[in-house]
Amino acid sequence: MRRALLLTLLLAACDGETPPDDAGADASATLDAAAGDDAGHDASPGRDAGTDAGAPIDPLEGASPARLIQGGFAFLEGPHWTDGALLFTDIPRSTIHRLTLPDTVEELRNPSGAANGLATLPDGRLLAAEHENRRVSVTEADGSVVGFATDFEGSAFHSPNDLAVRADGTVYFSDPPYGLDGRPRELDFNGVFRRAPDGALETVWRGDASSRPNGVALSPDASVLYVAYTAAGLVRAFDVAADGSTSGERIFAEGTPNADGMAVDADGNLFVATADGVVALAPDGSRWGTLEVPETPSNCAFGGPDGRTLFVTARSGLYAFDLRVPGA
């Protein structure tokens with residue numbers, strides 16, 4: 001239906017104006033037959049993001065098979081491209097690693113406080129969601145690591161999990177109980193939080209003890225906040241106002257089992273790490289397909305010299321796909 005509408009508009013415009021685990025090591029991008037409705041997308045001929053104002057292009061067309069960069073880790077998470085390298089975390093080994101392409105991996109920080117998600121502030125300082133320390137930390141210019149968000153109204157967080165940063169320094173992060181490890185909770189809800197540039201902290205979303213807010217991501221123009229909910233297997237979207245506040249909570253996509261970390265490309269497509277692989281969703285929530293990964297993926301991030309590499313952390317291995325649309 002979507003494609004038919006676009007073709008109708010194109011014909012009318014005479015002047016040319018246009019309005020995871022057992023997937024196998026030989027993984028490839030596959031169309032998700034489970035989509036099963038008329039909102040599917042046909043690939044358009046090999047154009048790059050932003051080169052044509054016509055029908056949206058399939059970001060999975062021509063995707064490379066998954067390639068293993070390095071294995072042998074305990075449990076990988078938090079991929080984040082910054083300063084020409086990929087940072088990622090090994091939670092059980094409390095280590096932040098740095099990948100210099102093509103395959104040089106070194107320790108950046110150990111211990112890391114069992115860091116999970118990573119992000120950078122507009123000034124380049126590194127943020128880490130630390131399970132063990134129940135906080136979001138920031139690494140200062142002198143290398144010291146200090147608290148950035150340590151409590152909400154005097155109560156400690158459970159175990160901050162993932163982060164997304166807006167250009168003005170507003171930080172959104174999730175706080176499920178995965179890293180409590182038997183320690184008592186101090187908050188009576190599992191939440192998603194917003195830290196304003198002035199340090200003020202507010203809740204975006206509050207859920208009961210069974211909820212599991214996990215991955216967070218922003219649309220390219222930062223007007224939409226996406227949050228993955230692992231236990232429910234879905235992604236919610238929130239509208240983001242100029243001041244960073246959120247409204248308009250809605251279900252963006254369902255059928256994303258074990259939804260975890262996410263990444264966004266320049267066309268606004270959302271990539272979600274799930275039990276089935278990395279699911280690619282269009283900005284309207286319809287499904288492009290799934291990138292199959294040899295292990296169950298936990299998170300993903302765009303990077304590389306041209307931004308067209310999707311790095312995927314998947315349990316014990318770090319993988320990469322070459323895609324046609326760069327990251328946002």
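## An open sheet and the largest pocket

In this predicted model, four strands, taken in the order E3-E4-E5-E6, form an open sheet whose pairing is antiparallel. Because E3 and strand E6 (104–109) stand at the edges and each has a single partner strand, one side of each is left without a neighbour in the sheet. From one strand to the next, the twist averages 25°. In general, the strands of a sheet are paired through backbone hydrogen bonds, and this pairing can be either parallel or antiparallel.

Strand E3 joins its partner, strand E4 (residues 85–90), in the antiparallel sense over 5 bridges, and His80 has Leu87 in E4 as its bridge partner.

His80 also leads to the second topic, the largest pocket, which has a volume of about 810 Å³. Of the 32 residues that line this pocket, those closest to its centre are His80, Ala164, Val165, Leu218 and Ala328. By residue class, the lining of the largest pocket divides as the table shows.

| Class | Residues in the lining |
|---|---|
| Nonpolar | 22 residues |
| Polar | 8 residues |
| Charged | 2 residues |

Several strands contribute to this lining: E3 (76–82), E7 (115–120), E13 (163–165), E17 (213–218), E21 (262–264) and E25 (299–303) each supply at least two residues of it. Which strand gives the largest share of the lining of the largest pocket? That share, 5 residues, comes from E25. Strand E3 therefore appears in both parts of this report, since E3 stands at an edge of the open sheet and also supplies at least two residues of the pocket lining.

Note on methods:
Residues are numbered from 1 along each chain as its sequence is written. This is a predicted model: local features need pLDDT of at least 70, side-chain atom pairs count only at pLDDT 80 or more; totals for chains, interfaces and linings use all residues. Side-chain values use heavy atoms; hydrogens and water are left out. On a 1 Å grid over the protein atoms alone, a cavity is a set of points where a 1.4 Å probe fits but cannot get out, and a pocket is an open set with protein on both sides within 12 Å along at least five of seven lines; lining residues have an atom within 4 Å of a point. Grid points are joined across faces, edges and corners, and a volume is the space filled by probe spheres set on the points. Ala, Val, Leu, Ile, Met, Phe, Trp, Tyr, Cys and Pro count as nonpolar, Asp, Glu, Lys and Arg as charged, and the others, Gly among them, as polar. Two strands pair if DSSP finds at least two bridges between them. Axes are lines fitted to C-alpha atoms, for helices over the stretch in contact, and angles run from 0 to 180 degrees between N-to-C directions.
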